[in-house]
Amino acid sequence: MKGDVKEINKLILRISKNDEMALETLFNITKEKMYFIAYEILTNSNYVDDVLSEAYLKIYKNAKYFNPKLNGFNWIYEIVKNTAIDLNRKTKNEKIVKLDESIISNYTSHTYKMDNKVLRSALKSLTQEEQQIIYLKIWERYTLKDIAKRLDKNLTYVHRKYIQSLEKLKSLMDEEYGG
């Protein structure tokens, strides 16, 4: 582990000098452990990728403040942990809705005996922005952070709009089936 910490510390120092390749290397050697950490903390595991994106951006922006005498792995761990905790706080009052591919495929399964017409109809009932967020998140697999950047909105707004859009879509589809 000491060798890993030295390597991580060297990478953080390179990142502090705006070395993007060092960030990519750091991400590649730490991502599995950090993914697990974020996954364990989050109340909604759909946001793990978003947390990691935000955490590594913070690492990049704050590398210049890192003390190389400290343990770089622990520093990264704290950033990921705090980013996940912050997201939990921001979303604590929001209803957790899991309407990704699994729910949509349930609606198109034999249980509901529904074709894609109902799904398309429900999607058309959403606003243009809602459709775009759903499309980018579910079908294009963008992170919420990337969607926020693309739409020039803040992450919290996009997250809230995504949840609301999923709830609206589910409600529209339920109405179609009298569910």
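A residue counts as buried here when its relative accessible area is under 20%. Keep that cut-off in mind for the close-ups below, which all come from a predicted model.

**View 1. Asn-9, a buried side chain in helix α1 that reaches the backbone of Gly-72.**
We start with Asn-9, which sits in helix α1. Its relative accessible area is 10%, so Asn-9 goes down as buried. A polar atom of the Asn-9 side chain lies 2.8 Å from the backbone nitrogen of Gly-72. Gly-72 also turns up among the contacts of Asn-9 once neighbours within four places in sequence are set aside, together with Phe-66, Pro-68, Leu-70 and Asn-71. One of these partners, Phe-66, comes back in View 3.

**View 2. Phe-27 and Tyr-56, an edge-to-face aromatic pair.**
The structure has three aromatic pairs by the rule used here. In this one, the ring centres of Phe-27 and Tyr-56 are 4.9 Å apart and the planes make an angle of 85°, which puts the pair in the edge-to-face class. The partners are 29 residues apart, with Phe-27 in helix α2 and Tyr-56 in helix α3, and the pair links distant parts of the chain. Is each ring buried or partly exposed? Phe-27 has 31% relative accessibility, so it counts as partly exposed. Tyr-56 comes out at 5% and is therefore buried.

**View 3. Phe-66 and Trp-75, a tilted aromatic pair.**
A pair of rings is described by how far apart the centres are and by the angle of the planes. For Phe-66 and Trp-75 the centres are 5.1 Å apart and the planes stand at 50°, so the pair is tilted. Both Phe-66 and Trp-75 are buried.

**View 4. The second largest pocket, lined from α2, α3 and α8.**
How much space does the second largest pocket hold? The volume comes to about 220 Å³. Its lining is made up of Leu-23, Phe-27, Leu-52, Ser-53, Tyr-56, Leu-57, Tyr-60, Lys-145, Asp-146 and Lys-149. Three elements give two or more residues each to this lining: α2 (20-41), α3 (48-62) and α8 (144-151). Of these, α3 gives the most, with five residues. By residue class, the lining of this pocket splits into six nonpolar, one polar and three charged. Phe-27 and Tyr-56, the two rings of View 2, are both in the lining.

**View 5. The largest cavity, lined mostly by charged and nonpolar residues.**
Over the whole structure, a search turns up two cavities of 30 Å³ or more. The largest cavity has a volume of about 60 Å³. Around it you'll find Asp-50, Val-51, Glu-54, Thr-83, Asp-86, Leu-87, Lys-90 and Leu-155. The elements that supply two or more residues to this lining are α3 and α4 (72-90). Which element has the largest share of the lining of the largest cavity? That's α4, with four residues. Sorted by class, the lining residues of the largest cavity are three nonpolar, one polar and four charged.

**View 6. Ser-165, a buried residue in helix α9.**
Ser-165 belongs to helix α9. With 0% relative accessibility, Ser-165 counts as buried. A polar atom of its side chain lies 2.7 Å from the backbone oxygen of Lys-161. Leaving out neighbours within four places in sequence, Ser-165 is in contact with Leu-126, Glu-130 and Ile-134. Take Glu-130: it is 35 residues away from Ser-165 along the chain, and the C-alpha atoms of the two are separated by 5.7 Å.

**View 7. Asn-18 and Asp-152, loop residues with positive phi.**
Neither residue in this view is a glycine, and here's what their backbones do. Asn-18 has a positive phi of about 65°. Its place is the loop between α1 (2-16) and α2. Asp-152 has a positive phi too, of about 60°, and lies in the loop between α8 and α9 (155-177). Are these residues buried or exposed? Asn-18 has 55% relative accessibility and so counts as exposed. Asp-152, at 69%, is exposed as well.

Key. Residues are numbered from 1 along each chain as its sequence is written. This is a predicted model: local features need pLDDT of at least 70, side-chain atom pairs count only at pLDDT 80 or more; totals for chains, interfaces and linings use all residues. Side-chain values use heavy atoms; hydrogens and water are left out. On a 1 Å grid over the protein atoms alone, a cavity is a set of points where a 1.4 Å probe fits but cannot get out, and a pocket is an open set with protein on both sides within 12 Å along at least five of seven lines; lining residues have an atom within 4 Å of a point. Grid points are joined across faces, edges and corners, and a volume is the space filled by probe spheres set on the points. Ala, Val, Leu, Ile, Met, Phe, Trp, Tyr, Cys and Pro count as nonpolar, Asp, Glu, Lys and Arg as charged, and the others, Gly among them, as polar. Rings of Phe, Tyr and Trp (its six-membered ring) pair if their centres lie within 6.5 Å; planes under 30 degrees apart count as stacked, over 60 as edge-to-face and the rest as tilted. Buried means under 20% relative accessible area, exposed over 50%, partly exposed in between (1.4 Å probe, protein chains only). Contact means heavy atoms within 4.5 Å. A polar contact is a pair of N or O atoms within 3.5 Å; within protein, one must be able to donate a hydrogen and the other to accept it, and residues adjacent in sequence count only if both atoms are side-chain atoms.
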